[in-house]
Amino acid sequence: MSTVFKLSLLLLLSSGSAYAEPTHQSLGKPAEMLSQQSQWNLTISPDGKDLPAGKGTVAQGKQLFALKCAACHGPEGIGASAEPLVGEVGSLISDYPEKTVNSYWPYATTLFDYIRRAMPIDAPFSLSANEVYSLSAYLLSQDGIISSDVELNKESLAKIIMPNRDGFIRFYPEK
């Protein structure tokens with residue numbers, strides 16, 4: 001090898017470290033205060049702890065469902081391009097069990113949490129607390145879990161007993 005080639009190779013290898021990728025990638029700014037962190041802690045537990053203030057009725061939820069949900073879940077919530085949400089309560093012990101929100105989910109607070117986090121599919125987190133309470137009320141009324149005149153809020157939603165509440169086994173026993 002010629003001396004010029006060796007020097008060129010050495011220069012090339014030594015200058016490469018100046019342009020090397022960093023060993024980690026920064027992912028934004030750290031939260032500066034606990035208040036900033038708490039705004040992202042959106043978990044709603046089964047007992048309703050941390051449900052937001054708000055309220056909604058079945059009638060309001062029916063209108064919202066037609067506008068924001070029926071395109072995917074069908075006009076009555078029994079399915080279209082997305083899974084059915086209502087119906088089939090009691091079918092889990094049949095030969096053809098159907099897992100809908102109302103037949104399978106153990107807690108109504110989970111319904112609120114899921115709608116708030118994931119729906120509508122093209123705009124998650126876009127619904128207000130009042131809209132989520134209203135949609136929850138409409139869906140729960142479809143199978144008679146609540147009556148059509150109930151107004152849902154953080155207190156009333158947490159008290160709802162879902163049909164399959166006792167259909168699950170706790171993985172971690174209570175203390």
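Me: Before we start, what does "buried" mean here?
Reply: A residue is buried when its relative accessible area is under 20%. Keep in mind that we're looking at a predicted model. Phe112 is a good example: its relative accessible area is 0%, so it is buried.

Me: Nice. Which helix is Phe112 in?
Reply: Phe112 sits in helix 6, which runs over residues 108-118.

Me: How many residues of that helix are buried?
Reply: Eight of the 11 residues in helix 6 are buried, so the helix is largely enclosed by the rest of the structure. Besides Phe112, the buried ones include Ala108, Leu111 and Ile115.

Me: And what do they pack against?
Reply: The buried residues of helix 6 pack against three helices: helix 5 (101-104), helix 7 (129-142) and helix 8 (154-158).

Me: OK, switching to charges. How many salt bridges does the structure hold?
Reply: There are three of them. Two involve Asp113: one is with Arg116, at 3.8 Å from N to O, and another is with Arg117, where the closest N and O atoms are 3.0 Å apart.

Me: How far along the helix are those partners from Asp113?
Reply: About one helical turn in each case. Asp113 and Arg116 are three residues apart in helix 6, so about one turn separates them. Asp113 and Arg117 are four residues apart in helix 6, and that is also about one helical turn. Because they share partners, the salt bridges join Asp113, Arg116 and Arg117 into one network.

Me: Are those three buried or exposed?
Reply: Asp113 and Arg116 are both buried. For Asp113, the relative accessibility is 13%, so it falls under the 20% limit. Arg117 has 32% relative accessibility and therefore counts as partly exposed.

Me: And where's the remaining salt bridge, which residues form it?
Reply: Asp50 forms a salt bridge with Lys49, and their closest N and O atoms are 4.0 Å apart. Asp50 and Lys49 are both exposed.

Me: New topic: rings! How many aromatic pairs are there?
Reply: The whole structure has two aromatic pairs. Phe65 and Tyr138 make up a tilted pair, with 5.3 Å from centre to centre and 45 degrees between the planes.

Me: Which parts of the chain does that pair tie together?
Reply: Phe65 is in helix 3 (residues 58-68) and Tyr138 is in helix 7, so the pair ties together parts that lie 73 residues apart in sequence. Both Phe65 and Tyr138 are buried.

Me: What about the other pair, how are its rings placed?
Reply: That's our friend Phe112 again, with Tyr133: the ring centres are 4.6 Å apart and the planes are at 45 degrees, so this pair is tilted. Phe112 in helix 6 and Tyr133 in helix 7 are 21 residues apart, and their pair links distant parts of the chain. Tyr133 has 0% relative accessibility, so it counts as buried.

Me: Last one, Ile146. Where does it lie?
Reply: Ile146 is in the loop between helix 7 and strand 2 (151-153).

Me: Is Ile146 buried or exposed?
Reply: Ile146 is buried, since its relative accessible area is 10%.

Me: What is it in contact with, skipping its close sequence neighbours?
Reply: Leaving out neighbours within four places in sequence, Ile146 is in contact with Val58, Ala137, Leu140, Ser141, Leu152 and Ile160.

Me: And how far is Ile146 from Leu157?
Reply: Ile146 and Leu157 are 11 residues apart in sequence, and their C-alpha atoms are 9.9 Å apart in space.

Notes. Residues numbered from 1 in each chain as written. Predicted model: local features only at pLDDT ≥ 70, side-chain atom pairs only at ≥ 80, totals over all residues. Heavy atoms only, no water. Buried < 20%, exposed > 50% of the residue type's maximum accessible area, 1.4 Å probe, protein only. Helix = DSSP H or I, 4+ residues; strand = E, 2+ residues; numbered from the N terminus. Contact = heavy atoms within 4.5 Å. Salt bridge = Lys/Arg side-chain N within 4 Å of Asp/Glu carboxyl O. Phe/Tyr/Trp six-rings, centres within 6.5 Å; stacked < 30°, edge-to-face > 60°.
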